[in-house]
Amino acid sequence: MESNNQQQHQELVASKTDPLSISQLNISSSSSSPLPQVNMAEELLKSHRHSLSPNEGLPSKDDDDSTDPNYDTIEGNNGHSDPTSFDADLCEYKKKATIIVEEYFSTNDVVSVANELKELGMAEYRYYFVKKLVSMAMDRHDKEKEMAAFLLSTLYADVIDPPEVYRGFNKLVTSADDLSVDIPDAVDVLAVFVARAIVDDILPPAFLKKQMNLLPEDSKGVEVLRKAEKSYLAAPLHAEVVEKRWGGADNWTAEDVKGRINELLKEYVMSGDKKEAFRCIKGLKVPFFHHEIVKRALIMAMERRRAQEKLLELLKEATEVGLINSTQVTKGFSRIIDLIEDLSLDIPEARSVLQCFISKAASEGWLCASSLKTLSADSGEKLLENSKASVFKDKVKSIVREYFLSGDALEVVHCLETELGACSSQLRAIFVKYLITLAMDRKKREKEMACVLLSSLDFPAKDVRKAFSMLIESADDTALDNPVVVEDLAMFLARAVVDEVLAPRDLDELLSQPGSSVGEKVIQTAKTLLKARLSGERILRCWGGGGVETNSPGCTASEVKEKIQVLLEEYVSGGELGEACRCVKELGMPFFHHEVVKKSVVRIIEEQEKKERVWKLLKVCFESGLVTIYQMTKGFKRVGESVEDLCLDVPDAWEKFKSCVERAKVEGFLDESFAFEEEAQGVKDKGSSSSAAT
């Protein structure tokens with residue numbers, strides 16, 4: 001009992017203290033989409049009247065709710081106001097889940113399992129199915145272990161929501177001590193299951209560290225996690241080793257299925273044999289994954305004009321004979337619509353071609369066009385020549401990859417100044433989108449570097465907001481390949497706010513735009529991160545800092561700002577001008593010198609007594625080339641954006657800022673064309689009129 005209470009407490013702590021825990025994110029999936037009606041569940045339950053033998057592979061404690069370490073009444077009743085009803089539902093679900101797993105090990109019929117889980121309902125209990133499937137497989141042969149791993153990979157997201165998979169493995173690791181009583185090699189077997197789940201992208205790598213921090217140091221669960229990390233995931237060619245651990249040649253991973261879909265489509269285009277193509281589609285035995293066939297067939301049709309008629313005819317007939325159901329067709333088209341921005345860069349006419357496909361399919365009756373998102377061209381995109389965007393995309397990838405190697409943000413700024421001309425708002429959004437997309441596929445170092453670079457660029461907030469809007473729109477599709485997209489994208493979004501690249505109100509604007517369910521979770525998670533205590537410091541250190549090679553390795557943006565503040569205070573209080581310039585240079589971050597300008601101008605506005613010393617510092621830094629006119633202009637712009645807040649402490653801050661701008665123009669720091677942001681000026685005018693009225 002004491003052990004159970006300890007585990008319950010750990011789970012409560014995990015859910016309350018970890019805002020990034022996937023188990024808290026209700027990522028919606030297409031699980032509401034009906035699968036082909038194969039009414040086997042009821043027959044299985046009727047025919048399965050014999051009692052289960054304890055030698056069949058079930059840990060003995062798992063059958064008794066009172067001793068099951070995962071039978072947790074503290075977790076909440078999943079919407080049940082009556083605890084008795086909740087217990088009865090869970091008990092019933094456990095019995096039926098056991099029968100489904102037993103039948104699956106006998107038949108190896110993935111389709112039946114998917115349909116039975118759909119018919120059974122109670123999606124909030126599917127974490128228990130994950131736990132039951134793995135715990136039963138652990139005490140059986142390698143064949144059943146491989147079958148269990150393959151089933152989880154296949155049902156992930158379409159039938160079992162990601163949070164339920166996460167929660168199921170959480171309970172397995174927590175109950176490792178009890179499992180070890182009945183299964184001598186439980187630690188090793190469960191470690192392989194955890195490693196396999198990470199390799200198959202159904203469990204985020206962060207699961208290991210998070211669970212280690214929540215479990216007692218001497219528990220079997222910690223042994224499982226360490227073994228998974230060090231013995232399997234850290235080994236050379238670990239993915240191949242883990243996938244073949246139980247001789248998985250007879251089953252396929254999701255990537256295998258995608259590869260086979262590509263092959264069957266290519267063979268069909270060459271031969272034109274529909275019967276063979278239909279046979280191959282049936283042979284995949286994954287009807288709930290047929291949206292991938294639709295998606296890949298449409299992309300292939302866009303790329304190969306001569307094959308368009310063949311491929312569309314294949315999809316039409318497959319739908320008419322019931323091989324691919326209407327739900328999967330709609331989902332396949334929806335995924336293409338979500339990807340249309342990226343496809344347009346490689347296939348300039350992708351939007352218009354897709355519109356033709358939709359019209360043709362709807363007119364022929366095998367697609368319900370009204371259930372799709374609107375496919376309309378953005379007015380800003382119309383201004384761009386597709387060829388120019390495509391060329392820019394290739395350059396962006398090259399620029400970002402070189403930056404990740406060299407850490408030279410100044411070179412990136414120079415390249416962008418060369419590439420970006422007037423009316424290039426969409427190109428700036430594309431750059432930000434690809435910067436973040438490429439960083440999400442890399443390590444913490446590159447993620448930190450991407451944040452530092454984004455904060456050093458002088459991109460208008462609306463362009464950055466547009467980039468995040470595009471990222472959020474495609475979050476559902478990205479989640480298929482990156483299971484932690486919500487965590488990563490939410491952190492990038494929160495970091496942009498902390499670094500003052502975006503304003504907090506930009507999150508509300510993004511939330512007000514129509515988007516995907518995963519996209520909404522991204523924004524809500526970002527807002528939750530920003531509301532947490534000491535959120536700024538935590539977010540700045542989320543990826544460890546030190547993404548850029550500087551003379552001060554490991555410095556975050558916050559630490560650099562603090563150094564700038566200290567050097568200005570020392571200089572103003574009587575320090576030497578040369579020493580101050582040397583300190584600015586030794587920051588090793590010329591692309592961040594706008595912060596020196598910003599803090600200097602703010603000090604001038606707040607402290608009138610020693611303002612001439614600060615002006616002298618700015619003049620020497622500018623004339624010596626230490627601070628470029630680009631960084632000088634950016635610094636003044638940042639001050640202009642924050643004057644509204646300064647007015648709370650310095651009522652005449654607007655007048656003082658205007659005076660600073662005029663003097664900077666006279667001194668040559670700023671170009672004569674520099675002007676206040678319209679929004680800021682509007683605030684000023686509003687304040688002036690209010691004062692006059694008073």
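1. The note opens with a residue at the surface of this predicted model. R582 is partly exposed, its relative accessible area being 36%. The partner of R582 is E579, which is likewise described as partly exposed, with a relative accessible area of 37%. A salt bridge joins R582 to E579, and the closest N and O atoms lie 2.3 Å apart. Both residues belong to helix α32, which covers residues 577-586. They are 3 residues apart, or about one turn of the helix.

2. The overall composition may be described next. The protein has 694 residues, of which 53% count as buried. It contains 37 helices and 0 strands. The area that the protein exposes is about 31400 Å², and carbon and sulfur atoms supply 50% of this area. Where contacts join residues at least 6 apart in sequence, 78% of them join residues at least 24 apart.

3. The search for salt bridges across the whole structure returns 28 of them. In general, side chains of opposite charge can pair when their charged atoms come close. The following case deserves attention. E146 and R196 form a salt bridge in which the closest N and O atoms are 2.9 Å apart. Because E146 is in helix α6 (residues 142-155) and R196 is in helix α9 (residues 186-199), this pair ties together parts that are 50 residues apart in sequence.

4. R196 has a further partner. D200 also forms a salt bridge with R196, with 2.9 Å between the closest N and O atoms. E146, R196 and D200 are thus linked in a network of salt bridges. Are the members of this network buried or exposed? E146 counts as buried at 3% relative accessibility. R196 is buried with a relative accessible area of 2%, and D200 is buried with a value of 12%.

5. R638 should be considered alongside that network. This residue is found in helix α35, residues 629-646. R638 is buried, yet it has no salt bridge. Which side chain of opposite charge is nearest to R638? It is that of E641, at 4.3 Å. A salt bridge requires the side-chain nitrogen and the carboxyl oxygen to be within 4 Å, so the distance of 4.3 Å does not qualify. With neighbours within four places in sequence left aside, R638 is in contact with S455, L457, D499, H594 and K598.

6. Helix α14 (residues 274-284) shows how a helix may present two sides. A277, F278, I281 and L284 are buried in α14. Seen down the axis of α14, the buried residues fall within an arc of 115 degrees, and they therefore line one face of the helix. K275, R279 and K282 are exposed on the other side of α14.

7. The two ends of α14 also merit comment. At its start, a side-chain oxygen of D273 comes to within 3.2 Å of the backbone nitrogen of K275. Just after α14, K285 adopts a positive phi of about 60 degrees.

8. The final point concerns an alanine in helix α11 (residues 220-233), namely A228. A228 is buried, and its relative accessible area is 0%. A191 is 37 residues away from A228 along the chain, but the C-alpha atoms of the two residues are separated by 4.6 Å. Apart from residues up to four places away in sequence, A228 touches A191, V194, A195, L208 and L233.

Definitions and conventions:
Residues numbered from 1 in each chain as written. Predicted model: local features only at pLDDT ≥ 70, side-chain atom pairs only at ≥ 80, totals over all residues. Heavy atoms only, no water. Helix = DSSP H or I, 4+ residues; strand = E, 2+ residues; numbered from the N terminus. Buried < 20%, exposed > 50% of the residue type's maximum accessible area, 1.4 Å probe, protein only. Contact = heavy atoms within 4.5 Å. Areas by Shrake-Rupley, 256 points an atom, 1.4 Å probe, with all protein chains shown as cover. Arc of directions from axis to C-beta. Polar contact = N/O pair within 3.5 Å; in protein donor to acceptor, adjacent residues only side chain to side chain. Lys, Arg positive; Asp, Glu negative; His and termini not counted.
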